[in-house]
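Biologist: Please give me a close look at a single part of this model, beginning from one residue and working outwards to what surrounds that residue. I would like a connected account, with the values stated as you go.

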Amino acid sequence: MHPDGDDDVPSPGYAELLSLAQREATAWLEAMPSDPIPPLDDATSVKDALGRELPERGADPVEVVERLARAVRPGLLTSQSPRFYGWVIGGTYPVALAADWLTGAWDQNGGMRYASPSTTAVEDLASAWLLDVLGLPAHAGVGFTTGATTANLVGLAAARERVLQRAGWDVNRDGLHGGPRVRWIAGAERHTSVDLAARYLGLGAAALVPADDQGRIDVDALADALDASDGPTIVALQAGNVHSGAFDDVGAAIAVAHEHGAWVHVDGAFGLWAAASPRRHHLLQGYEAADSWATDAHKTLNVPYDCGVAVIADAAAAHTALGVRASYLVAAEGAADPHETVPEMSRRSRGVPVWAVLAWLGRSGVAALIDRLCDGATALADGLRDIPGARVVNDVVFTQVCATFGDRTVQVAERLRDDGQAYAYPSHWQGQDVVRFSVSNWATDQAAVKATVDAVGRAARDVGVGG
Ligand SMILES: *Cc1c(COP(=O)(O)O)cnc(C)c1O
């Protein structure tokens with residue numbers, strides 16, 4: 001039926017279109033492990049295949065979905081491949097994707113308890129389980145955000161509200177102008193998303209403290225920075241450096257910062273998951289004493305985009321910073337509404353896939369996932385060290401490996417991409433070019449690691465490294 005005039009009811013309806021989507025998605029997912037990783041088409045070809053003009057008259061919905069699937073596929077980066085190590089991305093567990101599809105189908109507004117008792121209940125359980133598996137205080141507030149950038153925003157928003165309130169300033173009422181200056185302090189290798197979150201909040205640039213050769217904040221220098229002035233202060237620490245995977249000495253840094261009355265936020269976008277593994281928990285020694293934490297589920301937990309997690313020890317600080325009231329909103333009794341711990345009001349119930357993965361893996365399964373990723377990184381580093389002319393430049397403590405191939409490093413990354421069997425991205429760290437590998441995908445097994453080392457060895461030989 002053509003959606004002309006008053007008649008915009010799509011026909012065929014849900015069943016046929018969802019089956020079509022399922023067939024197309026399954027075909028893509030099943031081909032993925034053997035498909036070349038880089039995109040074959042660029043955005044220009046994809047737009048041409050989709051058709052550039054807004055249609056005057058609508059089209060058959062089956063044709064629209066088919067066209068979408070067909071046009072897009074050659075331009076997809078196969079970032080769910082077990083041999084994909086670019087940035088810190090991660091794949092998607094089947095159970096998470098299935099839960100995500102249901103979440104889309106239900107289309108609940110997850111911002112208000114009253115609007116969706118069911119998905120709020122799922123997210124309440126997911127929140128409690130996350131606090132449990134991550135070893136965080138059971139009374140903490142949890143917000144499901146779009147990612148770790150917005151989770152950092154939640155942490156810093158709660159921090160800003162609270163440190164100003166302690167200084168006798170109500171930022172919600174009076175804004176920042178004329179108030180005490182909020183100092184925020186971070187290590188030189190903090191993630192740029194923390195800067196961005198601070199920018200949203202009008203906090204300006206961080207006072208930077210030097211970091212060591214693995215990117216960890218220098219705690220003595222932090223103490224000196226804290227001594228240098230007083231007033232409302234926020235300290236942002238990092239659990240998991242994107243190049244080295246290194247963890248700040250969070251326990252020592254939190255102790256120093258708390259002595260000075262500062263709020264401590266920990267950006268653990270991927271590193272906070274070390275807490276879930278008895279073998280890696282020591283990396284985070286003392287982290288549970290912080291005031292707020294940010295992490296991602298769409299990276300290490302392997303749920304689909306977009307899903308970050310903000311945790312605030314004193315949930316009321318987040319509710320004061322981000323909660324709103326309006327006559328038409330029905331506020332929950334006895335418990336905060338989900339929208340009070342995130343920047344958005346309306347949102348999808350993005351915590352549902354988190355529940356599904358935790359229900360499926362259980363505590364031991366999450367620990368096994370973290371250990372498998374870390375062991376994969378260790379095996380990858382061992383393999384890379386055997387390649388003539390290659391050198392691993394970081395201490396491999398978690399999921400990140402940086403390798404250099406001298407003055408051919410960028411060429412090795414380019415050759416690797418052209419080869420298409422494994423994918424890592426060039427970067428620049430600690431004064432040298434590196435190829436950066438992040439082991440973040442649940443499907444990366446020993447065979448994938450071996451194939452990756454072979455592909456890197458080929459790429460290095462092809463561009464004349466070590467010969
Ligand atoms: C990825 C990452 C972020 C940002 O997370 P998004 O989910 O992309 O918003 C922040 N900090 C660290 C350490 C990261 O790795």
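Modeller: In this predicted model, asparagine 302 counts as buried because its relative accessibility is 0%, where the limit for that label is under 20%. Asparagine 302 lies in the loop between S6 and S7, and its phi is near 60 degrees, a positive value in a residue other than glycine. A second backbone feature belongs to that loop, since aspartate 306 is also found between S6 and S7, and the peptide bond that leads into aspartate 306 from tyrosine 305 is cis, with omega near -5 degrees. As background to both features, most residues other than glycine have a negative phi, and most peptide bonds are trans.

The two strands that flank this loop belong to an open sheet of 7 strands, whose order is S1-S7-S6-S5-S4-S2-S3 and whose pairing is mixed. At its edges stand strand S1 (141-145) and strand S3 (207-209), each of which pairs on one side only, and from one strand to the next the twist averages 20 degrees. Helix H6, residues 148-166, lies across several of these strands, namely S1, S4, strand S5 (263-267), strand S6 (292-296) and strand S7 (308-312), and H6 runs at about 175 degrees to S5.

Further along the order of the sheet, S2 (residues 183-187) pairs with S3 in the parallel sense over 3 bridges, with glycine 187 standing opposite valine 209 in S3. S2 also runs parallel to S4, to which it is joined by 4 bridges, and in that pairing alanine 186 stands opposite alanine 236. S2 itself is mostly covered, as 5 of its 5 residues are buried: on one side these are Arg183, Ile185 and Gly187, and on the other Trp184 and Ala186, so that both faces are covered.

Helix H9 (residues 219-228) has as its buried residues Val219, Ala221, Leu222, Ala223 and Leu226, and these buried residues pack against S2, S3, S4 and H10. The N-terminal end of H9 is capped by aspartate 218, a side-chain oxygen of which lies 3.0 Å from the backbone nitrogen of aspartate 220.

S4 and H10 are also the two elements on either side of the loop that holds histidine 243, with S4 covering 233-238 and H10 covering 250-259. Histidine 243 is buried because its relative accessible area is 13%, which lies under the 20% limit. Its side chain makes a polar contact, at 2.7 Å, with the side chain of serine 427. When neighbours within four places in sequence are left aside, histidine 243 is in contact with Asn394, Gln400, Val401, Cys402, Ser427, His428, Trp429, Val434 and Arg436.

Another positive phi occurs at glutamine 430, a residue other than glycine, where the value is near 50 degrees. Glutamine 430 has its place in the loop between strand S10 (425-429) and strand S11 (432-438). What is the burial state of glutamine 430? Glutamine 430 counts as partly exposed because its relative accessibility is 37%, whereas asparagine 302 is buried at 0%.

To set these parts in their context, the chain contains 14 helices and 11 strands. Its radius of gyration is 24 Å, close to the 23 Å that the globule rule gives for 467 residues, and the chain is therefore as compact as a globular protein of that length. Along the principal axes, the C-alpha trace spans about 70 × 60 × 45 Å. Buried residues account for 51% of the 467 residues, and of the contacts between residues at least 6 apart in sequence, 74% join residues at least 24 apart. The accessible surface of the chain comes to about 20,600 Å², and carbon and sulfur atoms contribute 53% of that area.

Methods: Residues are numbered from 1 along each chain as its sequence is written. This is a predicted model: local features need pLDDT of at least 70, side-chain atom pairs count only at pLDDT 80 or more; totals for chains, interfaces and linings use all residues. Side-chain values use heavy atoms; hydrogens and water are left out. Buried means under 20% relative accessible area, exposed over 50%, partly exposed in between (1.4 Å probe, protein chains only). A polar contact is a pair of N or O atoms within 3.5 Å; within protein, one must be able to donate a hydrogen and the other to accept it, and residues adjacent in sequence count only if both atoms are side-chain atoms. Contact means heavy atoms within 4.5 Å. Two strands pair if DSSP finds at least two bridges between them. Axes are lines fitted to C-alpha atoms, for helices over the stretch in contact, and angles run from 0 to 180 degrees between N-to-C directions. The radius of gyration is taken over C-alpha atoms; the globule rule is 2.2 Å times the number of residues to the power 0.38. Accessible areas come from the Shrake-Rupley method with a 1.4 Å probe; for residues, only the protein chains shown count as cover.
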